[in-house]
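Hi everyone, thanks for making time for this. I'd like to walk you through one chain, so please have a look at the screen.

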Amino acid sequence: AALCVGVGSFSDPADIPGLAHFLEHMVFLGSEKYPELNGFDSFLKKHGGSSNASTDCERTIFHFEVRQTQLKEALERFAELFISPLLTRESMDKEIDAVDSEFQMSLQSDSARKLQVLARLARPGHPFWKFLWGNA
């Protein structure tokens, strides 16, 4: 199953770059109804599944797979991540580090470098011109 949210890095406020990507990470950590840290991923792994998400310029996509016998409960847990995400202060530093780690790994990627060059060729003020990974 998947959910595509029509908000990506282009929607980041100028004073909070990387917010969409950061929230992509935070959402999967838990909900009010299922507050166990990483409980959704634990549930999926227990039932032969997995999850992932990605943020691009104009959308964020969250997806998971699980055995069909567990789909109904997985969908309930998945929905709760968006209905009432925890977004706890305790998890913020960990997820900031995770986003930074992804960025650090991309530094050697030719495709990521090419994207940054193209971004600098955009008209200043265009959403593509800003740094899309975070606050550096």
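Let me start with a definition, as I'll be naming elements and the loops between them: helices here are DSSP runs of H or I with at least four residues, strands are runs of E with at least two, and both are numbered from the N terminus. Please also keep in mind that this is a predicted model.

With that in hand, let's begin with a loop. L87 is found in the loop between helix 3 and helix 4. Its phi is near 50°, a positive value in a residue other than glycine. At 34% relative accessibility, L87 counts as partly exposed. There is another residue of this kind: N38, in the loop between helix 1 and helix 2, the latter covering 39–46. Phi of N38 is near 60°, again positive and again not in a glycine. With 25% relative accessibility, N38 is partly exposed.

Now let's step back to the whole chain. How many helices and strands does the chain have? The secondary structure comes to 5 helices and 3 strands. Going along the sequence, they follow the pattern β-α-α-β-β-α-α-α. Along the principal axes, the C-alpha atoms fill a box of roughly 50 × 30 × 25 Å. Of the 136 residues in the chain, 33% are buried. The accessible surface comes to about 8400 Å², and carbon and sulfur atoms account for 57% of that. If you take contacts between residues at least 6 apart in sequence, 66% of them join residues at least 24 apart. As for charge, the chain has 14 positive and 19 negative charges, and their mean positions are 4 Å apart.

Next stop, helix 1. This helix spans residues 19–27, and 7 of its 9 residues are buried, so I'd call it mostly covered. The buried ones are A20, H21, F22, E24, H25, M26 and V27. What do they pack against? Their partners are strand 2 (50–55), strand 3 (60–65), helix 3 (71–83) and helix 4 (89–106).

One name in that list deserves a pause, and that is E24. Is E24 buried or exposed? At 8% relative accessibility, E24 counts as buried, because the cut-off is under 20%. Yet E24 has no salt bridge, and the nearest side chain of opposite charge, that of R59, is 11 Å away. Leaving aside residues up to four places away in sequence, E24 touches A53, S54, T55, T60 and F62. F64, for its part, is 40 residues from E24 in sequence, with 14 Å between the two C-alpha atoms.

F62 comes up again if we move to strand 1, residues 2–5, where L3 lies. L3 and F62 are 59 residues apart in sequence, and their C-alpha atoms are 5.2 Å apart in space. Once more not counting residues up to four places away, L3 touches T60, I61, F62, F78 and F82. With a relative accessible area of 31%, L3 is partly exposed.

Last topic: the cysteines. How many disulfides does the model have? The count comes to 0. C4 is in no disulfide, and the nearest cysteine sulfur, that of C57, is 13 Å away. Why is C57 not bonded to C4? The sulfur of C57 is 13 Å from the one in C4, its closest cysteine sulfur, and that is too far for a bond. For reference, the cut-off for a disulfide is a pair of sulfur atoms within 2.5 Å. As for their surroundings, C4 counts as partly exposed at 48% relative accessibility, and C57 is partly exposed too, with a relative accessible area of 22%.

To leave you with one picture, go back to E24 on your screens: a buried residue without a salt bridge, sitting in a helix that is mostly covered. Thanks for listening, and I'm happy to rotate the model if anyone would like another view.

Conventions:
Residues numbered from 1 in each chain as written. Predicted model: local features only at pLDDT ≥ 70, side-chain atom pairs only at ≥ 80, totals over all residues. Heavy atoms only, no water. Buried < 20%, exposed > 50% of the residue type's maximum accessible area, 1.4 Å probe, protein only. Contact = heavy atoms within 4.5 Å. Areas by Shrake-Rupley, 256 points an atom, 1.4 Å probe, with all protein chains shown as cover. Lys, Arg positive; Asp, Glu negative; His and termini not counted. Charge placed at Lys NZ, Arg CZ, Asp CG, Glu CD. Salt bridge = Lys/Arg side-chain N within 4 Å of Asp/Glu carboxyl O.
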